[in-house]
Amino acid sequence: MLKMPDPDKDVLARREEIVRALRQIVPGEGVIDEESGRRAYECDGLTAYQQMPMVVVLPETVEQVSAILKYCDAGGIRVVPRGAGTSLSGGALPLEDGVLLGLGKFNRILEVDEDNRCAVVQPGVTNLAITHAVTDRDMYYAPDPSSQIACSIGGNVAENSGGVHCLKYGLTTNNILGVQMVLMDGEVVRFGGRHLDSAGYDFLGLITGSEGLLGVITEVTVRLLKKPETARAVLIGFPSTEQAGDTVGAIIGAGIVPGGMEMMDKPAIHASEQFANAGYPLDVEAILIVELDGPEVEVDYLIGRVEELARAEGATEVRVSQNDEERERFWSGRKNAFPAVGRISPDYYCMDGTIPRRRLSEVLAAMRDMEKKYGLRVANVFHAGDGNLHPLILYDANVPGELERAENFGADILKLCVKVGGVLTGEHGVGVEKRDLMGEMFTEDDLKQQQRVKCAFDPQQLLNPGKVFPTLHRCAELGRVHIHGGQTRFPELPRF
Amino acid sequence: MTERLAPNTPEDVIAAVQWAAANDAPLDIQGAGTKRGWGGVIRTNHVLDVSALQGVTLYEADELVLSAGPGTTLIEIQTLLAESGQQLAFEPPDLGPLFGQPPGLQTLGGVVATNLSGPRRIKSGGARDHFLGFSAVTGRGEAIKSGGRVVKNVTGYDLCKLFAGSFGTLGVMTTLTVKVLPAGEKTRTVLLYGLDDGVAMRALTHALNSAHEVSAAAHLPAGIAGRSAVGYVGDVARSVTAVRVEGVGPSVEHRCAALRELLGIYGEGEELHGHNSRTLWREVADVATLLPDTEKAIWRLSVPPSMGPTIAQICAGVPGADWFYDWGGGLIWLACDAADEAGANVVRTALDHSHAGGHATLMRAPDPVRQFIPPFQPQSAGVAALSERLRENFDPKGILNPGRMAPEPG
């Protein structure tokens with residue numbers, strides 16, 4: 001069972017006083033004290049874990065965020081930041097003795113700067129709202145996580161969110177130019193701006209994907225791209241997942257980087273087709289959806305090459321979208337894969353490992369064996385271009401022991417991902433979900449050095465503790481300098 | 001007398017750093033040493049030469065990934081990638097000649113440690129964006145790793161971003177893994193002639209805000225353009241504004257034609273094909289041909305693109321100023337007289353006019369100038385303090401390239 005940091009009894013005893021102090025900073029309804037109000041915040045997208053926060057605060061200004069953090073820092077009070085609460089890894093799971101700091105009221109687009117191809121937005125703006133705000137200029141914001149209708153840009157920065165188009169257009173980290181952030185001691189800092197690269201350490205890059213452990217983001221400057229002239233998708237069916245995997249390698253090997261390239265296995269195809277009627281072939285073991293975008297002449301040319309490559313690998317069905325409506329239909333099954341699987345199973349557990357793509361067949365085969373071992377089924381959707389797997393483990397939380405079996409199954413999959421040269425999480429984050437698996441990928445020294453990074457931002461470790469790192473070390477202990485060896489002159493080392 | 005430690009293995013690096021930490025002996029970390037002039041002057045008697053940690057250890061073209069030791073020369077990597085039609089998409093410039101070194105020597109470690117990227121930065125990202133994973137030895141003498149060999153990875157903090165551009169002050173990298181990408185089959189450059197800086201910027205913005213996937217956008221004022229070896233650029237005695245497209249053949253031809261039409265309102269133009277196009281962008285990336293006076297100081301300003309001309313105009317007040325723009329106006333390379341403070345006051349004040357931030361790096365200047373002008377843009381007090389806390393957590397004894405990025409405390 002998940003172990004969170006022991007609640008601070010002293011803080012819990014001061015609860016009334018803390019609520020009063022927060023009301024001084026955020027007047028009116030911005031402080032939620034009553035249980036029914038706090039209930040709405042007890043979990044994020046990872047619903048298996050729930051915890052009522054001590055108190056919820058919804059500031060509206062940077063000054064308020066700064067004052068809240070300063071007050072909590074001085075009082076040794078833990079803080080959990082939260083955007084839209086769509087995290088699939090429990091990044092916004094509250095703490096019993098923690099203030100839940102919601103950024104939902106930071107929901108304005110401050111400026112669209114077309115000349116510098118960027119927009120300045122508040123962190124609570126949804127991912128899709130940014131694109132909507134610039135659609136009339138034929139521009140868009142590229143990263144498109146499946147939750148884009150709901151997830152906030154602040155959360156995207158905290159998690160370094162991806163999406164189906166990141167093979168060609170990159171993740172959040174490649175698509176933002178600057179942030180304003182409040183440190184735990186209340187200091188307001190800016191990293192980046194509307195220019196490229198950093199004069200000093202790349203804090204912008206560091207805080208992207210830091211899962212709310214280093215600061216609270218209060219403003220984001222995102223890059224905007226011009227919409228491609230056209231986009232077309234090819235739906236390809238294969239008699240085996242190996243052939244689908246080989247086709248992905250062949251496409252990339254041929255120098256083609258599609259806008260998106262997604263794979264689904266048979267269980268996922270069938271679930272999606274029932275749900276979305278996307279027109280997927282049902283007599284195949286795997287499908288690929290390959291989207292090409294750019295000038296029409298380029299798209300036509302590349303689609304021809306993709307078709308050839310797929311047929312050469314043994315594709316049994318190749319369909320090219322003839323219009324945007326058909327392209328959307330190809331995608332509808334994929335984009336609805338999670339809810340579709342939700343229809344065929346009472347519960348599902350979504351994994352997020354990344355593997356070197358050429359190990360796909362081996363990993364899929366191992367998963368089939370694990371299905372037998374755990375007595376649970378799995379449906380696979382896969383960002384095939386970049387090796388990011390989303391196995392969906394089907395279970396029923398009402399059957400005693402099934403959740404635990406699903407979690408153990410998931411852990412086994414992730415361990416396998418690391419073993420073949422991949423990583424625990426491609427885009428959903430470590431959060432609490434994969435926290436205790438970090439040792440599979442990192443040594444104790446690796447993890448300690450990462451925690452020292454946190455110590456530079458938050459020496460009392462009050463901001464979102466219990467996430468990402470399996471063991472919390474005190475910063476004083478981490479800071480100690482203990483140099484091993486170093487006494488001899490190392491005569492074996494070549495010198496000149 | 002300088003002593004040179006030359007580790008052959010990552011274990012040697014651990015030993016060397018542990019020795020240095022135990023003996024409070026700062027290390028000047030070097031690969032090929034082609035960018036030694038970039039950053040603050042390091043006062044030490046010990047050079048840690050990592051050039052023997054070289055060689056490509058992994059290259060899987062269809063996985064778009066390559067790993068190599070920090071001392072591997074870029075030429076070796078680029079030659080290998082070219083065999084599979086691939087490249088480092090961030091187009092690393094070779095600044096060797098700008099720093100008075102021969103071309104072709106720089107290493108992968110040096111390129112990443114300085115987060116160096118070329119004209120394609122605006123489309124494909126910088127070195128930071130292609131840096132997937134590394135192993136390093138921190139100033140504590142501990143071996144750590146971060147990232148991996150896959151593009152999509154959010155497991156733990158992204159220390160790759162932190163190490164890219166850290167100038168060796170956080171750790172000595174022993175292996176680096178980078179993303180590689182297919183090289184465009186074809187390249188074309190559309191040229192416009194005789195535009196002043198302001199109009200040129202409008203033209204570049206026009207091109208960059210189109211759907212034509214421009215992969216580079218530069219403006220060379222007349223005096224600068226005259227130094228190009230490409231006839232269509234060097235022989236026209238006018239300013240040259242250049243926009244590049246790359247990709248598969250039919251697409252490049254289509255976009256080149258579309259851009260010529262779009263930019264037709266800015267007057268007559270020309271187009272460069274394969275060889276000429278590559279030569280021009282190599283010149284823009286590497287700088288030395290376009291700003292050839294070795295006596296002059298060199299500044300590199302990263303600014304909001306639309307502010308480029310305004311900022312350059314202010315910098316024009318510095319004695320001997322000579323400049324050109326890359327990154328659609330967002331990168332200004334400025335040469336000026338190296339005397340006194342090399343125009344630092346004017347250049348850094350010019351940035352204040354942009355309000356939206358930016359930074360000016362004194363890339364090249366005589367040692368005495370670099371000792372009293374901080375080469376990197378001074379940071380706000382909060383960010384500077386954060387940087388120092390962070391650095392100290394990696395290198396508590398201050399033995400890794402001390403003074404190269406931030407002035408040494410005290």
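1. Salt bridges to start with. In this predicted model, a search over all chains turns up 61 salt bridges. The ones picked out below are worth a look on screen, along with a few buried charges and backbone oddities.

2. Begin with B:Arg244 and B:Glu91, whose side chains meet in a salt bridge at 2.9 Å, N to O. B:Arg244 sits in strand β13 (residues 240–247) of chain B, while B:Glu91 is in the loop between β6 (86–87) and α3 (108–113), so the bridge ties together parts of chain B that are 153 residues apart in sequence. Both B:Arg244 and B:Glu91 are buried.

3. Strand β13 of chain B has another such link. B:Glu246 and B:Arg120 form a salt bridge through their side chains, 2.8 Å from N to O. Here B:Glu246 is the residue in strand β13 of chain B and B:Arg120 belongs to the loop between α3 and α4 (121–124), with their positions 126 residues apart in the chain. Once again the two partners, B:Glu246 and B:Arg120, are buried.

4. In chain A, have a look at A:Asp436 and A:Arg435, where the side chains meet in a salt bridge of 3.0 Å, N to O. Buried or exposed: how does A:Arg435 come out? A:Arg435 counts as buried, at 4% relative accessibility. A:Asp436, on the other hand, is partly exposed, at 48% relative accessible area.

5. There is also a salt-bridge network to inspect. Its members are A:Asp197 and A:Asp202 from chain A, plus B:Arg121, B:Arg128 and B:Asp129 from chain B.

6. Now for a charge without a bridge. A:Arg223, found in strand β10 (residues 216–223) of chain A, is buried yet makes no salt bridge. Which side chain of opposite charge is nearest to A:Arg223? That would be B:Asp129, 7.1 Å away; B:Asp129 belongs to the network in point 5. For polar company, the side chain of A:Arg223 has a polar atom 3.5 Å from the backbone oxygen of B:Ile122. Leaving aside residues up to four places away in sequence, A:Arg223 touches residues of chain A, including A:Arg117, A:Tyr140, A:Tyr141 and A:Asn174, and it also touches B:Ile122 and B:Lys123. I'd check the rotamer here by eye.

7. A:Asp293 is another buried charged residue, with a relative accessible area of 5%, and it lies in strand β14 (residues 286–294) of chain A. Its side chain makes a polar contact with the side chain of A:Lys168 at 2.6 Å and a further one with the side chain of A:Tyr169 at 2.9 Å. With residues up to four places away in sequence set aside, the residues touched by A:Asp293 include A:Pro228, A:Thr230, A:Gly259, A:Glu298 and, from chain B, B:Glu213.

8. Helix α2 (residues 74–83) of chain B makes a neat example of a two-sided helix. B:Leu74, B:Ile77 and B:Leu81 are buried. Viewed down the axis of α2(B), the buried residues fall within an arc of 65°, so they line one face of the helix. The general pattern is familiar: an α-helix has 3.6 residues a turn, so residues three or four places apart point the same way. The other side of α2(B) carries B:Ala82 and B:Glu83, both exposed. As for what the buried residues of α2(B) pack against, the partners are β4 (56–60), β5 (65–68), β6 and α3 of chain B. Just after the helix, B:Gly85 takes a positive phi of about 65°.

9. Positive phi also turns up in residues other than glycine. A:Asp138 has phi near 60° and is placed in the loop between α5 (127–134) and β7 (139–140) of chain A. B:Phe167 has a phi of about 50° and lies in the loop between α5 (159–163) and β9 (171–179) of chain B. Their surroundings: A:Asp138 is partly exposed, with 44% relative accessible area, whereas B:Phe167 is buried at 5%.

10. Last, the domains. Chain B is divided into domain 1 (1–183 + 379–410), domain 2 (186–286) and domain 3 (297–370). Between the C-alpha centres of domain 2 and domain 3 of chain B there are 23 Å. How many residues of domain 2 of chain B are in contact with domain 3 of chain B? The count is 14, against 10 residues of domain 3.

Technical notes: Residues are numbered from 1 along each chain as its sequence is written. Chains are lettered from A and ligands numbered from 1 in the order in which they are written. This is a predicted model: local features need pLDDT of at least 70, side-chain atom pairs count only at pLDDT 80 or more; totals for chains, interfaces and linings use all residues. Side-chain values use heavy atoms; hydrogens and water are left out. A salt bridge is a side-chain nitrogen of Lys or Arg within 4 Å of a carboxyl oxygen of Asp or Glu. Buried means under 20% relative accessible area, exposed over 50%, partly exposed in between (1.4 Å probe, protein chains only). Helices (H or I, at least four residues) and strands (E, at least two) are DSSP runs, numbered from the N terminus. The arc is that of the directions from the helix axis to the C-beta atoms. Contact means heavy atoms within 4.5 Å. Lys and Arg count as positive and Asp and Glu as negative; His and the chain ends are not counted. A polar contact is a pair of N or O atoms within 3.5 Å; within protein, one must be able to donate a hydrogen and the other to accept it, and residues adjacent in sequence count only if both atoms are side-chain atoms. Domain bounds come from an automatic or database domain assignment.
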